[in-house]
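Please open the model in your viewer and keep the sequence panel beside it, so that each residue can be selected by its number as the tour goes on.

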Amino acid sequence: MTYLRLPHLHDDLLCFVAEDDLWLAPLDAPGRAWRLTVDRTKLGHPRFSPDGRHLAYTSWRSLVPEVHVVPVDGGPGRQVSHWGSADTRVCGWTPDGEILAVASHGEPFSYFTWAYKVAPAGDPGRKLPWGPVSDIQVADVDGERRSLLLTGTPPHEPASWKRYRGGATGRLWLHGERLLEGLGGHLHSPMFAGGRIAFLSDHEGVANLYSCAPDGSGLRRHTDHDAFYARHAASDGTRVVYQCAGDLWIVDDLSPDSEPRRLDVRLSGPPDGERLAVASHDGRLLLVDVTEDSGGEVTELIRSINGPVRDLAFSPDGAWLTWSHPGIGRSLRQIKMARLAGTPDGERLIVDVTNGRFEDENPVFTRDGRYLAFLSWRGFDPVYDVHTGDLSFPLGCRPYLVPLSSATPSPFAVNPEGRPAAGGLDPVEDDDNGDNGAVTVEVEGLESRVTPFPVAASKYSALHPVAGGGLVWLRWPISGALGETFANPDDTSGRPTLEHFSITKARKSELAQHLDWFAVSGDGSRLVVVDEGELRAVPANEPGDSDSTVWIDARRILHVVDPAAEWRQSYEEAGRLIRAYFWEPHMSGIDWDGVLDQYRPLVERVASPDEFADLLREVLGELGTSHAYVTASRRDEGPPHYQRRQGLLGANFVRRDGGWAVKRILLGDSSDSRARSPLAGTGIREGAVLTHVDGRPVDPDAGPYPLLAGAGGTTVELTFTPAEDSAEGQGPPRRVAVVPLVDERPLRYQDWVAKRRAVVRELSGGRCGYLHIPDMGGSGWAQFNRDLRMEVSRPALIVDVRGNAGGHISELVIETLSRTILGWDLTRDAQPVSYPSNAPRGPLVALADEATSSDGDMITAAFKLLKLGPVVGQRTWGGVVGMTGRHELGDGTVITVPMNAAWFDAYGWSVENKGVAPDIDVLRTPLDWAEGRHAQLTDAVELALGLLETNPPATPPTYSDVPDRSRPKLPPRT
């Protein structure tokens, strides 16, 4: 049995995806199938051409998905799109033989996938005017060409979040008219079939095939799957095929009594070694006795009520254990120690080394057993923000040392014999510097002996003891969340430095710069350093030289695996992780063992990493919860010479007089280093015709994009002829060298924001400011502050969180938007400044839509609950059970577990899987997009202007009533 997916059909041929290739099988006598492609890479969504001679499909052969075409009779396929977009997907064909596809190519957001028509011979594609759509089908109905659109869907398909009911369940449109509004299910796979409109929906609890008349009447169900979801349906205009539980099914017609039938398709091929310390997810710290006579006895040492303990470390003699213990809130942690053996009464002794006021982590014993060292974020030397004047603490971390006995000298203390502070230990005190490991702890006064190392405050991690009583750690440079701190974002100066500290000499030395990671050998004498994929072994206490450094050839390591066995193991591993970490201890009533049993037989049918990931998405989808993601293990993703990114020029080109002219060079934003066109500053003007790329002529039909395949991030030479109406006139061709972008989305985004701001200025007569916040992470915080000062100075403010991708900083944004002007700071010859500064002057209006997600849901809820202003748009995504980190399974597949659920006084648990409804519901329809109407934005501006009439903005005082400070006239004596 094989895991079969993504089918389509034409006449008597069935096409589907299995083992990362396209396969064909006869429909009239289902049985043995044959392989059509041998790409060794992920692919999907094959669609037969109207004449049945070609298949269009999506292939990841060149890192990101592109549209490919292959003859059904066999032979080489060809790539027909060169968009460099991570969400390109084939949808079908037009009756005239053009390929229909969606992609966010040239758009500011990945959720803005627009529909394109692409010639099978290859061209840049013609963008269709319907605005963001996730699927499109085109057919001739009653003699007229009709478009069937699916809009307003999330990035996850229905099976990946089963019974999803948030704001992005999808909307069906037939030639501009909406169908089945209020159906209540998650829609997928719209089709023209048998004179009806067919689609998948889970509005009755499990996804099945449904259809309705073209006017939306006569809804009927055609399949009755009650356990597994029907997925990825496709039609030839009469019949419908789909996948369900690794099988392919067909519905021969959409009559009321139609019954699906399954198609039968087969393919042709610790230090003392006596105990372990285990930190469990539920806060328990466990000791496991591994001696022969113990029977594996497990003892609970302590239990945390604030999450898991971490950073466990034994003392050299194995008698003590130290760890970082969580405190109240999200960041407070304290260092604890426990004596595991040797007390007179046999009881274990637990000691607080620190009191939990700060974030203390990564405790370790020195190898001589005399000191405990740890890292602590307890520095409070504030640094001024250069833009807003806020104060923050980016330099708050240092290593700290604790002599375990009051008789143990501190290497940083002043010595009576005259040794200065931080002068190290005297030779006599250093006689017993070996790694004997005997540990003596004097509990009284332990916390008072905590002493900072004499090193600069910075960001530190990976503290480890090494031979000779020393310590090593990583020191990280202070850098921005977006990687723009350094002149070149790819500069290795953003990586950490490996440092060694000799306790006996109280001296720091640098062992290696700009490495990736390191590990310490068992005896503490050597370090293995990872640096840009290369391994080397170096001394642990001094910089390595040619004699002491050993380079390790990782190619000599052979690892033989059984993929099927790996997938079986990873399946069970994923099940355990979900059971252990899911946010609700009782799994929200889900029979999780039953779910695992239901899908387990399908693991035996999996034959590729992508198929295994597809299966896991179905399994995690049974949680009915957001943030349950699966990322496939990447193996053999095409030939290595194809593993290069598409080059993008940050400009719009248009076909003109048989050539490709520059229509517009995007301006970008000088405050965002990623938002700059490679053509900016080259002297190339709009209207110039691109004739050659690296000396190769630009094809008049395909355009320049195929010549830029694999050119992202590398230098290319472009040849232009000047525009006829330019100053150069009919001058000679001009050659320029540029480095094409691998991602022009930041550039497109800044251009998009500038256009929306211009619309708001025009609609409001300059009275409304405009802020768009793309996410609630580093880039969103940067964008918010990039324009905050200018935009809040206007009487009203539009806060646009449409498409917000979530994150964790909504509290910071809300804190700023909640400021109320209490007064003004007046300075001569300058405009008054509000107190508090950067506070909104008047009404606020928020914009949200179905792509406002995660922390975007949270800020929309907070905006409403705090009554900051009305919300305009659509109900938000509805995903507020967040994840913490990612879990890599044995085969390399990565999953996330919904671990942190949000609850509101006003909403309870209901924001999850529902979203936040706007105060004013406004939908921008496909016809609005096609006709250039700014629905939602126009409504928000009109609402803000109306609010200004009833709620005028705060205004500074004039000098009309300033106090009189003149000297009073002296009154006469009385």
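Begin by selecting D352 in this predicted model, a residue that is partly exposed, with a relative accessible area of 41%. Now add K336, which forms a salt bridge with D352, the closest N and O atoms being 2.5 Å apart. K336 lies in strand 30 (residues 333-339) and D352 in strand 31 (residues 349-352), so this pair ties together parts that are 16 residues apart in sequence. Unlike its partner, which is partly exposed, K336 is buried, with a relative accessible area of 9%.

Next, select R495 and D531, whose side chains meet in a salt bridge at 3.2 Å, N to O. R495 sits in the loop between strand 39 (471-476) and strand 40 (497-502), while D531 belongs to strand 43 (residues 526-531), so the pair ties together parts that are 36 residues apart in sequence. Here R495 is buried at 15% relative accessible area, and D531 also counts as buried, at 17%.

For a wider view, select R5, K42, E157, K162, R231, D610, D614 and E618 together, which are linked in a network of salt bridges.

Then turn to the backbone and select L6, which has a positive phi of about 50° although it is not a glycine. L6 lies in strand 1 (residues 5-10) and counts as buried at 8% relative accessibility.

Which bond joins Y835 and P836? Select both residues to find a cis peptide bond, with omega about -5°; P836 lies in the loop between strand 56 (833-835) and strand 57 (844-848).

Definitions and conventions
Residues are numbered from 1 along each chain as its sequence is written. This is a predicted model: local features need pLDDT of at least 70, side-chain atom pairs count only at pLDDT 80 or more; totals for chains, interfaces and linings use all residues. Side-chain values use heavy atoms; hydrogens and water are left out. Helices (H or I, at least four residues) and strands (E, at least two) are DSSP runs, numbered from the N terminus. Buried means under 20% relative accessible area, exposed over 50%, partly exposed in between (1.4 Å probe, protein chains only). A salt bridge is a side-chain nitrogen of Lys or Arg within 4 Å of a carboxyl oxygen of Asp or Glu.
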